[in-house]
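Q: I'm new to this structure and would like a close look at one part of it. Could you walk me through how a pair of strands sits together, and then show me what else is built around pieces like that?

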Amino acid sequence: MLGICRGRRKFLAASLTVLFVPAITWIYLFAGSFEDGKPVSLSPLESQPHSPRYTASSQRERESLEVRVREVEEENRVLRKQLSLAQSRGPAHHRANHSKTYSMEEGTGDSESLRAGIVAGNSSECGQQPAVEKCETIHVAIVCAGYNASRDVVTLVKSVLFHRRNPLHFHLIADAIAKQILATLFQTWMVPAVRIDFYDADELKSEVSWIPNKHYSGIYGLMKLVLTKTLPSNLERVIVLDTDITFATDIAELWAVFHKFKGQQVLGLVENQSDWYLGNLWKNHRPWPALGRGYNTGVILLLLDKLRKMKWEQMWRLTAERELMSMLSTSLADQDIFNAVIKQNPFLVYQLPCFWNVQLSDHTRSEQCYRDVSDLKVIHWNSPKKLRVKNKHVEFFRNLYLTFLEYDGNLLRRELFGCPSEADVNSENLQKQLSELDEDDLCYEFRRERFTVHRTHLYFLHYEYEPASDNTDVTLVAQLSMDRLQMLEAICKHWEGPISLALYLSDAEAQQFLRYAQGSEVLMSRHNVGYHIVYKEGQFYPVNLLRNVAMKHISTPYMFLSDIDFLPMYGLYEYLRKSVIQLDLANTKKALIVPAFETLRYRLSFPKSKAELLSMLDMGTLFTFRYHVWTKGHAPTNFAKWRTATTPYRVEWEADFEPYVVVRKDCPEYDRRFVGFGWNKVAHIMELDAQEYEFTVLPNAYMIHMPHAPSFDITKFRSNKQYRICLKTLKEEFQQDMSRHYGFAALKYLTAENNS
């Protein structure tokens, strides 16, 4: 774009030089030809030495002027030649600029001026555009509802943050689902100079629910109509964006266009790039009224203060009521109503250049909006097909979109130098906690991880859950990384109840997971699985943070704290629900133990009953979990007693005990100081015991650990002496904290550790 501007500036400079330099030169010469008010001839024939006014100095001046005139004429000849060459290339180079439809011309909202060709092409970039102040806040409004739209918003926001140089204030009109997801995301993202405000979309439904809408966006696709009423009364202007938008430039450039509005112009819009409003797409196609091709509302500049003064609410409502009498419903949601209003009031519109909304639906003329990559400003995936849309350059656009889709969002946490951020209590507390750590401590990285804020995207996929009427439902809770993804389908086949999973992924891996899940019939058939993405940061696997995220977002009164490498026995879900009632878990502090076994075989004929499992145990096909390497972890379960038990039995806590348990949802969280491998479950079971939970083994329940390659963290534990030293230090500190918190009763943990 910069190259285009420079070329046009040279073109303009050449034109001005050709026109004005000769005139100025001759005026100067003519003025200099007067002496005492009488003309002095410049002709060499008339300038004879015998003239009484002739002097040697005047002769030299005339000769100098004549030389300069010849030089200027030669320069002008060269410039005229360059100008003619540029003009001969002009029609091909600027053809799109002189077309009203899908042109790159700067809009005015004045259709007569457009027809007259008054407005030049792409002048928004080359003219003297009013600059946006360095720390001026740019306001952006987005309507967002549901799980999928929340994912789209993240990609849009990434593209805006990548290019931005100004503070941003996002106004999100969101339903309860989107608010939960995006509030957590932005709170954990912690991007400087970004403010988020939410507005309840469900409260706005009554404002637009009377309008029948056939568009796939549903009732939320009409909510841009009520922004003047929804957004703060002191907010004067806002950029409104659809969720399927990708920015390819600094949004401040679009914000600066507000300065170009004149008169009663209150809406900045790009012309629609399809033939929809021309009514010729199929036989009997009857669109809503529009001015010409109409306007697309994927990108809108709203002058809110003027719209309120114009009584926008009354204006669009009256128009909608009138048109609905014959149209019966909208086909393109708010866009139809905006266009009907503009048809009656064309003076409201400032037409934006079409590169501010390059529309990539099928059969559009979007390619007329750009000649080069640098021309692109905003890409709009406004087809239901999204990335599968047909377009000559769709591969390029898709790659640009995927760049932001998979871009590491942590890199966007950069400060805006010279623009102070608003005070954030969470950020200040975090900085205070980190400042209290000793960076020379050999275990500094372990301690720091406890305070690391990981960006978290809840409910990455669609989630539905219907509460059980008997209030006995149990959610399986687990965490995983990309290398355990293959376990998901098997777990879903073994456990039909709700599942809450925390996945530790990078942005790129999150998209790989999305494609994997969408391609799996098993996973797509299950809507009661909550997938929560915790984005990678730091060098350790934050196992207990992941568990806490998964625990916090369950919808049932009870949870089964498992690991992703275990397959529960068939029917365990229903068995646990019955056990919850039988053992009165609602009114007692119990932790129900599901005995754990393991196989070393990758292909296992999974036992369908306890009797079959015992047979495999005797044959050496199965073993009690970690029997060979860490007997203490599950020995207190008392497998010998379990073999013949027919009723639940109680066991006592012992050092290093780490069973898998079913508990109420109000049980304590896992301690975040333990990361990677070692003591992460042991510490949690110790705290349950300190809170006087009763450990009860279920006689007819079991789970089997499936084999896998060693994790990166266990490899570090085994090979790195400092890792083991730091883990021992953290254990000791945890035990001391337990003693301080639980008093005399917690002394047994110190004693047990010393004796073990």
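A: Start at L267, which stands opposite V349 in strand β10. This is a predicted model, so please read everything below in that light. L267 belongs to strand β8 (residues 267-271), and 4 bridges join β8 to β10, the two running parallel. Strands of a sheet pair through backbone hydrogen bonds, either parallel or antiparallel.

Now look at the two faces of β10, residues 349-352. In a regular strand the side chains alternate between the two faces of the sheet. On one side of β10 you find V349 and Q351, on the other Y350 and L352, and all of these are buried, so both faces are covered.

A second strand worth visiting is β4, which holds I173. With a relative accessible area of 0%, I173 counts as buried, because buried means under 20%. Its contacts beyond the residues up to four places away in sequence include A141, I142, V143, C144, Y199 and L204, along with M223, L227, T230 and L231. A201 is another contact of I173; the two are 28 residues apart in sequence, yet their C-alpha atoms are 5.4 Å apart in space.

Strand β4 (168-174) also helps to cover the buried residues of helix α6, as do β3 (138-144), α5, β5 (194-200) and β13. Those buried residues of α6 are A178, I181, L182, T184, L185, F186, T188 and W189. Helix α6 has 14 residues and spans 20 Å from its first C-alpha to its last, close to the 20 Å expected at 1.5 Å a residue. Just after the helix, M190 takes a positive phi of about 55 degrees.

One of the neighbours of α6 deserves its own look. Two packed helices are described by the angle between their axes and the distance between the axes. For α5 (residues 147-163) and α6 (residues 176-189), the angle is about 35 degrees and the axes are 9 Å apart. The crossing of α5 past α6 is right-handed. From α5, the residues Y147, S150, V153, V154, V157, K158 and L161 meet I177, A178, I181, L182, L185, F186 and W189 of α6. By type, the residues of this contact divide into 12 nonpolar, 1 polar and 1 charged. An α-helix has 3.6 residues a turn, so residues three or four places apart point the same way.

Strand β13, named above among the elements covering α6, leads to another sheet. Here 9 strands form an open sheet with mixed pairing, in the order β13-β16-β15-β14-β17-β23-β19-β24-β22. Its edge strands are β13 (456-457) and β22 (649-651), each pairing on one side only. Within the sheet, β14 (residues 474-481) and β15 (residues 499-505) run parallel and are joined by 6 bridges. In that pair, V477 stands opposite S500 of β15. Helix α20 (residues 572-582) packs on this sheet, touching β14, β17 (558-561), β19 (590-594) and β23 (660-664), and its direction makes about 130 degrees with that of β14.

Finally, there is an open sheet of 4 strands in the order β18-β25-β20-β21, again with mixed pairing. Because β18 (566-568) and β21 (623-624) stand at its edges with a single partner strand each, one side of each is left without a neighbour in the sheet. The partner of β21 is β20 (residues 596-598), paired in the antiparallel sense over 2 bridges. There, E598 has F623 of β21 as its bridge partner.

Technical notes
Residues are numbered from 1 along each chain as its sequence is written. This is a predicted model: local features need pLDDT of at least 70, side-chain atom pairs count only at pLDDT 80 or more; totals for chains, interfaces and linings use all residues. Side-chain values use heavy atoms; hydrogens and water are left out. Axes are lines fitted to C-alpha atoms, for helices over the stretch in contact, and angles run from 0 to 180 degrees between N-to-C directions. A crossing is left-handed if the near helix is turned anticlockwise from the far one by less than a right angle, and right-handed if clockwise. Contact means heavy atoms within 4.5 Å. Ala, Val, Leu, Ile, Met, Phe, Trp, Tyr, Cys and Pro count as nonpolar, Asp, Glu, Lys and Arg as charged, and the others, Gly among them, as polar. Two strands pair if DSSP finds at least two bridges between them. Buried means under 20% relative accessible area, exposed over 50%, partly exposed in between (1.4 Å probe, protein chains only). The expected span of a helix is 1.5 Å times one less than its number of residues.
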